[in-house]
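I opened my notebook to get to know a structure that was new to me. Here is what I looked up, in the order I went.

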Amino acid sequence: MTQQVIHHMVKLQRNVQSLVKSDIIKTTDSIWKVALLYGDDWQYWKRELLDFGFSMQDPIGDLLAVETWDEDEH
């Protein structure tokens, strides 16, 4: 039985999707709004998002639309 490791960005996506479902944030909100909810961990996630080509002004929906996170393409 092989256990598949979940990409760390998928975990972020799932957390953000949960926030959207809870009506805490909207898919049209800018990614920077997530910073308000992540506190001290935000600098790490911001760096990761920037490495994948996101800007903090991009809508959260763009983050949620990513289907695969390929480390070689960023």
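**Entry 1: aromatic pairs.** I searched this predicted model for paired rings and found 4 aromatic pairs. I started with Y38 and W45, whose ring centres are 6.4 Å apart. Their planes meet at 65°, and edge-to-face begins over 60 degrees, so I noted the pair as edge-to-face. Then I turned to F52 and W69, another edge-to-face pair, with 4.9 Å from centre to centre and 80° between the planes. Where do these two sit? F52 is in the loop between α3 and α4, while W69 is in the segment after α4, so this pair ties together parts that lie 17 residues apart in sequence.

**Entry 2: around those rings.** Are F52 and W69 buried or exposed? I looked, and both F52 and W69 are buried. I checked the other pair too: Y38 is buried, as is W45. I also noted that Y38 and W45 belong to one aromatic cluster together with Y44.

**Entry 3: the fold.** I stepped back to view the chain and counted 4 helices and 0 strands. Along the sequence the pattern reads α-α-α-α. Of the contacts between residues at least 6 apart in sequence, 60% join residues at least 24 apart.

**Entry 4: the core.** How many residues make up the largest nonpolar core? I found 19, and the ones with the most contacts inside it are V16, I31, W42, L49 and I60. The elements giving two or more residues to this core are α1 (8-21), α2 (32-38), α3 (42-51) and α4 (60-64). The largest share comes from α1, with 5 residues. I wrote a reminder in the margin: in soluble globular proteins, nonpolar side chains tend to be buried together.

I picked L49 for a closer look. Setting aside neighbours within four places in sequence, L49 is in contact with M9, L12, I31, W42, F54, M56 and L63.

**Entry 5: the surface.** Next I went to the outside, where the protein chain exposes about 5,400 Å². Carbon and sulfur atoms supply 47% of that area. Buried residues, I noted, make up 32% of the 74 residues in the chain.

Which residues form a nonpolar patch on the surface? I found I24, W32, L36 and L37, with about 440 Å² of accessible area together. I followed up on W32, which lies in helix α2. Its relative accessibility is 40%, so I marked W32 as partly exposed.

How values were computed. Residues numbered from 1 in each chain as written. Predicted model: local features only at pLDDT ≥ 70, side-chain atom pairs only at ≥ 80, totals over all residues. Heavy atoms only, no water. Core = buried A, V, L, I, M, F, W, Y, C linked by side-chain atoms within 4.5 Å. Buried < 20%, exposed > 50% of the residue type's maximum accessible area, 1.4 Å probe, protein only. Contact = heavy atoms within 4.5 Å. Areas by Shrake-Rupley, 256 points an atom, 1.4 Å probe, with all protein chains shown as cover. Patch = residues over 30% accessible without salt bridge, like charges linked within 9 Å, V, L, I, M, F, W, Y side chains within 5 Å. Salt bridge = Lys/Arg side-chain N within 4 Å of Asp/Glu carboxyl O. Phe/Tyr/Trp six-rings, centres within 6.5 Å; stacked < 30°, edge-to-face > 60°.
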